[in-house]
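This report follows the strand pairing, the nonpolar core, the aromatic pairs and the salt bridges of one chain, in that order. The sequence and the model come before the discussion.

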Amino acid sequence: SPTPQSRSMNAGFCKRTILLAAVIFCVLSTATSSLAVPLVNDPNGFEDIPWGTSLAEMEQFARIEDAGRLQTYEHTQQTPALGTIPVDSIRLTTFEKKFGRVTVRYSGNETHERVLTYLQSAYGPLDHTPGQITVGPVKVYAWHGFHTEVTLRFETGAARGIIFIESLTLPEKLLDGTSATVF
């Protein structure tokens, strides 16, 4: 027969288990993602600039940050736009002078819908099978190619998005402290 002390310990264990399960559920329900889809046309770069290119010699880019092995560039002569869609910023990152990442930031629900349409036309349609459509306050979409990976993260409450277009040939080099996954 269980003692009062063991019943109390079991009740405490059950409460902790239920609390842990609730916390895990809450965390998982705040960020959802659709499964990655294959890139239809892998660009092996961005805007006709192949991965691995040196941006330092290209006049249309200005270096805005130099962190030793990592440099960040922006276009000098145009306002930021993804295709024809105005965005907040587009930054290109090099590792040891080799182009390897594009970070696009944008805001607004209407812009998000336009960006999503643009990305699907450029990289391929998303999987709209029931269960694959994202819901919740943070939506994540991804396309994977042989040379390129595209990831879009959109916070519905703040109506802001960030897109990473990255080389798959330089990922280990770009991982050392450069991930700008926050807004």
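Strand 9 and strand 10 pair in the antiparallel sense, and seven bridges hold the register between them. In this predicted model, Leu92 has Val102 of strand 10 as its bridge partner, and the two strands form a hairpin with two residues between them, where Glu96 in the turn takes a positive phi of about 50°. Strand 10 also pairs with strand 13, again in the antiparallel sense and over seven bridges, and within that pairing Ser107 stands opposite Arg160 of strand 13. Seven of the ten residues of strand 10 are buried, so this strand is largely enclosed by the rest of the structure.

A further antiparallel pairing joins strand 5 to strand 6 through six bridges, with Arg63 standing opposite Tyr73 in strand 6. The hairpin of strand 5 and strand 6 has two residues between the strands, and Gly68 takes a positive phi near 80° there.

These pairings belong to a chain with three helices and 13 strands. Of its 183 residues, 34% count as buried, and the chain exposes about 10,700 Å², of which carbon and sulfur atoms supply 58%. Among contacts between residues at least 6 apart in sequence, 54% join residues at least 24 apart.

**Nonpolar core**

In soluble globular proteins, nonpolar side chains tend to be buried together. Here the largest nonpolar core has 30 residues, and those that touch the most other members are Leu92, Val102, Leu119, Trp143 and Ile163. At least two residues of this core come from each of strand 9, strand 10, helix 2 (109-123), strand 11 (138-144), strand 12 (148-155) and strand 13 (160-167). Leu92 and Val102, which are bridge partners across strand 9 and strand 10, are thus both listed among the residues that touch the most other core members. Which residues does Leu119 contact, leaving aside its neighbours within four places in sequence? Leu119 is in contact with Leu82, Gly124, Trp143, Val150, Leu152 and Ile163.

**Aromatic pairs**

A pair of aromatic rings is described by the distance of the centres and the angle of the planes. The count for this structure comes to three aromatic pairs. The rings of Trp51 and Phe99 have their centres 4.8 Å apart and their planes at 40°, so this pair is tilted. Trp51 lies in the loop between strand 4 (49-50) and strand 5, whereas Phe99 lies in strand 10, and the two residues are 48 residues apart. Trp51 is buried because its relative accessible area is 10%, which is under the 20% limit, and Phe99 counts as buried at 0% relative accessibility. Tyr106 and Phe154 form a stacked pair, with 6.0 Å from centre to centre and 10° between the planes. This pair also links distant parts of the chain, with Tyr106 in strand 10 and Phe154 in strand 12, 48 residues apart, and both residues are buried.

**Salt bridges**

A search of the whole structure finds six salt bridges, and the table lists some of them.

| Acidic residue | Basic residue | Closest N to O distance |
|---|---|---|
| Glu96 | Arg69 | 3.9 Å |
| Glu74 | Arg91 | 2.7 Å |
| Glu155 | Arg160 | 3.2 Å |

The side chains of Arg69 and Glu96 meet in a salt bridge that links distant parts of the chain: Arg69 is in the loop between strand 5 (61-67) and strand 6 (70-75), Glu96 is in the loop between strand 9 (89-95) and strand 10 (98-107), and the two are 27 residues apart. Arg69 counts as partly exposed at 43% relative accessibility, and Glu96 is partly exposed with a relative accessible area of 44%.

Glu74 forms a salt bridge with Arg91; Glu74 lies in strand 6 and Arg91 in strand 9, so the pair ties together parts that are 17 residues apart in sequence. Glu74 is partly exposed at 23% relative accessibility, and Arg91 is partly exposed at 35%.

In the salt bridge between Glu155 and Arg160, Glu155 is buried with a relative accessible area of 16%, whereas Arg160 is partly exposed with 33%. Salt bridges that share partners join Arg153, Glu155 and Arg160 into one network.

Methods. Residues are numbered from 1 along each chain as its sequence is written. This is a predicted model: local features need pLDDT of at least 70, side-chain atom pairs count only at pLDDT 80 or more; totals for chains, interfaces and linings use all residues. Side-chain values use heavy atoms; hydrogens and water are left out. Helices (H or I, at least four residues) and strands (E, at least two) are DSSP runs, numbered from the N terminus. Buried means under 20% relative accessible area, exposed over 50%, partly exposed in between (1.4 Å probe, protein chains only). Contact means heavy atoms within 4.5 Å. Accessible areas come from the Shrake-Rupley method with a 1.4 Å probe; for residues, only the protein chains shown count as cover. A salt bridge is a side-chain nitrogen of Lys or Arg within 4 Å of a carboxyl oxygen of Asp or Glu. Two strands pair if DSSP finds at least two bridges between them. A nonpolar core is a set of buried Ala, Val, Leu, Ile, Met, Phe, Trp, Tyr and Cys residues joined through side-chain atoms within 4.5 Å. Rings of Phe, Tyr and Trp (its six-membered ring) pair if their centres lie within 6.5 Å; planes under 30 degrees apart count as stacked, over 60 as edge-to-face and the rest as tilted.
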